[in-house]
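Colleague: I would like to learn how to read a few features of a model. Please take them one at a time.

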Amino acid sequence: QVQLVESGGGLVQAGGSLRLSCAASDTLLNINDMNMSWYRQAPGKQREWVAEVSRFGTVSYIESVKSRSTISRDDAKKTMYLQMNSLKPEDTAVYYCRGRAGSRNYWGQGTQVTVSS
């Protein structure tokens, strides 16, 4: 069953922007109580961590996206975002949302980001 749902992916040209969103598929899950992360997996590569925003608002990024991306969360909307600017073909991947709270671990099914040169 789907636990988290990503949206906002698509096909963009290099230099373009996208904003990815993540929300719980059911109101029984409250992402405001979770540390939220974005991961991505490119074809033929392992899934890698991209960015995280804690339940307290602390943010961190992988170096390759740090200067071009902003992770945030909106507690009122119970939604987490990844704003990606100056996109590069190397950013092409399926982007996954992850939520963690204690021993609990939730994943989305991913949203495709494709950046053309």
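Modeller: What follows covers the disulfide, the core and one loop residue. This is a predicted model, in which local features need pLDDT of at least 70, side-chain atom pairs count only at pLDDT 80 or more, and totals for chains, interfaces and linings use all residues. Residues are numbered from 1 along each chain as its sequence is written, and side-chain values use heavy atoms, with hydrogens and water left out.

Colleague: How many disulfides are there?

Modeller: A disulfide is a covalent bond between the sulfur atoms of two cysteines. The criterion is a pair of cysteine sulfur atoms within 2.5 Å, and it gives one disulfide here. C22 and C97 are the partners, with sulfur atoms 1.8 Å apart. C22 lies in strand β3 (residues 18-24) and C97 in strand β9 (residues 93-101), 75 residues apart; strands are DSSP runs of E, at least two residues, numbered from the N terminus. The link is left-handed, at -75 degrees about the S-S bond.

Colleague: Is C22 buried or exposed?

Modeller: Buried means under 20% relative accessible area, with a 1.4 Å probe and protein chains only. C22 is buried at 0%, and C97 is buried at 0%.

Colleague: Which residues touch the most other members of the largest nonpolar core?

Modeller: In soluble globular proteins, nonpolar side chains tend to be buried together. A nonpolar core joins buried Ala, Val, Leu, Ile, Met, Phe, Trp, Tyr and Cys residues through side-chain atoms within 4.5 Å. The largest has 27 residues, and M36, W38, I71, M80, L82 and Y95 touch the most other members.

Colleague: Where is D91?

Modeller: D91 sits in the loop between β8 and β9 and is buried, at 2% relative accessibility.

Notes
Helix = DSSP H or I, 4+ residues; strand = E, 2+ residues; numbered from the N terminus. Buried < 20%, exposed > 50% of the residue type's maximum accessible area, 1.4 Å probe, protein only.
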